Amino acid sequence: MDELALKYDLLKAILRDMESVAVAYSGGVDSTFLLKVAVDELGAGRVLGIIAVSESYPAREMEEAQTLANDMGARIRLIETDELSNPEYARNPVSRCFHCKTELFTKMFPVAQEEGLKQLLYGVNADDMGDFRPGIQAAKRMGARGPLQEAGLTKNEIRLLSRQLGLRTWDKPAYACLSSRIPYGQIITKEALLQVDAAENFLHDLGFRQVRVRHHDRVARIELPPQDMDRLFSGGTAERIVAKLKELGYLYVTLDLQGYRTGSMNEVLKVSRAAVGS
């Protein structure tokens, strides 16, 4: 048996030992795979996918997540989270994700209790352990577990297994909450999140699958994979994007020549640490 098969078997064994679970579900690659395997191993009656609805969660993602859950035969419930009402979240410190995950699991816990479910789960994977993710600490504090990480599954392995299971999320671009588009220290507002969401929706509608619009006050910094940059400058596409984003309230529209990369807002933290150490 190869290593991937062993990890997959371990994941299934972990889930079976839990008996019943509530899964923090967003419709992304990791949480969709986790929900699918949980339903397969425990049965739909002992699994609940919980979608947290807030300004930081794009409506486009919510609609897709509900469709995916229906296709899998998974039960879901929508709950409202209100992380923006927490000043410690809204001021956007480097620990922002800690406050977000604390709000999420605080709201999930009574739902799981009501349903008689024994364990809270979320879709952290083995690769996530090497990045700056304060949300992981919040999950540990709240007693939530990450079976994908416990089984040692990486993002690429989860994509491969998702493809084998027939999940159309297997090649879905990476997703992160809209607040991750705003630089640390810049206040997060409902208006800013809606502005980012509308800008990214416009780019998605133009056919760009992997895209980020980083929100630097009046400046929109667009991140695209390098292979998509040429298309941006053909057929008047750039002009349409500039016009739309200015309509949304941005004064300047820029393209990041380094291209799309996950966690680009964390780059400032690496520079700060390097400066302190110099």
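I count a residue as exposed when its relative accessible area is over 50% and as buried when that area is under 20%. Gly 166 has 62%, so I enter it as exposed. The model I am reading is predicted.

**Confidence**

I looked up the confidence before anything else. The mean pLDDT of the protein is 91. I note that 93% of its residues reach 70 or more. Residues 271–278 are another matter, with a pLDDT below 50. Beyond near neighbours in sequence, I find 0 contacts for this stretch in the model.

**Gly 166 and helix H8**

Back to Gly 166. I find Gly 166 in the loop between H8 and H9. Gly 166 follows H8 and has a positive phi, near 80°. I then checked a distance to Asp 71. Gly 166 and Asp 71 lie 95 residues apart in sequence. Their C-alpha atoms are 11 Å apart in space.

Which residues of helix H8 are buried? H8 spans residues 155–164, and I list Glu 157, Ile 158, Arg 159, Leu 161 and Ser 162 as its buried residues. I also looked up what covers them. The cover includes H1, H2 and helix H7, residues 147–150.

**H1 against H2**

H1 and H2 help cover H8, and I looked at how they pass each other. H1 runs over residues 3–18 and H2 over residues 29–42. Their axes come within 9 Å. The crossing angle is roughly 65°, and the crossing is right-handed. From H1, the contact uses Tyr 8, Leu 11, Lys 12, Leu 15 and Arg 16. From H2, I note Phe 33, Leu 34, Val 37, Ala 38, Glu 41 and Leu 42. By class I record 8 nonpolar and 3 charged residues, with no polar ones.

**H5 against H6**

The next pair is H5, residues 96–115, and H6, residues 135–142. Their axes come within 7 Å and cross at roughly 35°. I enter this crossing as right-handed. H5 brings Cys 97, Phe 98, Lys 101, Thr 102, Phe 105 and Thr 106 to the contact. H6 brings Gly 135, Gln 137, Ala 138, Ala 139, Arg 141 and Met 142. The classes here are 6 nonpolar, 4 polar and 2 charged.

I picked one more residue in helix H5, Gln 113. Is Gln 113 buried or exposed? Its relative accessible area is 54%, so I enter Gln 113 as exposed. I also took its distance to Asp 40. The two residues are 73 apart in sequence, and their C-alpha atoms are 22 Å apart.

**Two positive phi values outside glycine**

Most residues other than glycine have a negative phi. I therefore stopped at any non-glycine residue with a positive one.

Asn 92 has a positive phi of about 60° although it is not a glycine. I place Asn 92 in the loop between helix H4, residues 87–90, and H5. Its relative accessible area is 0%, so I enter Asn 92 as buried.

Asp 217 is not a glycine, and its phi is also positive, at about 60°. I place Asp 217 in the loop between E5 and strand E6, residues 219–223. Its relative accessible area is 51%, so I enter Asp 217 as exposed.

**Ala 192 and Arg 214**

Asp 217 led me to Ala 192. The two are 25 residues apart along the chain, and their C-alpha atoms are separated by 8.4 Å. I find Ala 192 in helix H9, residues 190–205. Its relative accessible area is 8%, so I enter Ala 192 as buried. What does Ala 192 contact, leaving aside neighbours within four places in sequence? I find Ile 182 and His 215.

Arg 214 was my last stop. Arg 214 sits in strand E5, residues 212–216. Is Arg 214 buried or exposed? With a relative accessible area of 3%, it falls under the 20% cut-off, so I enter Arg 214 as buried. I then looked for a polar partner of its side chain. The backbone oxygen of Ser 180 lies 3.3 Å from a polar atom of that side chain.

How values were computed
Residues are numbered from 1 along each chain as its sequence is written. Side-chain values use heavy atoms; hydrogens and water are left out. Axes are lines fitted to C-alpha atoms, for helices over the stretch in contact, and angles run from 0 to 180 degrees between N-to-C directions. Helices (H or I, at least four residues) and strands (E, at least two) are DSSP runs, numbered from the N terminus. A crossing is left-handed if the near helix is turned anticlockwise from the far one by less than a right angle, and right-handed if clockwise. Contact means heavy atoms within 4.5 Å. Ala, Val, Leu, Ile, Met, Phe, Trp, Tyr, Cys and Pro count as nonpolar, Asp, Glu, Lys and Arg as charged, and the others, Gly among them, as polar. Buried means under 20% relative accessible area, exposed over 50%, partly exposed in between (1.4 Å probe, protein chains only). A polar contact is a pair of N or O atoms within 3.5 Å; within protein, one must be able to donate a hydrogen and the other to accept it, and residues adjacent in sequence count only if both atoms are side-chain atoms. pLDDT is the predictor's confidence in each residue, from 0 to 100.
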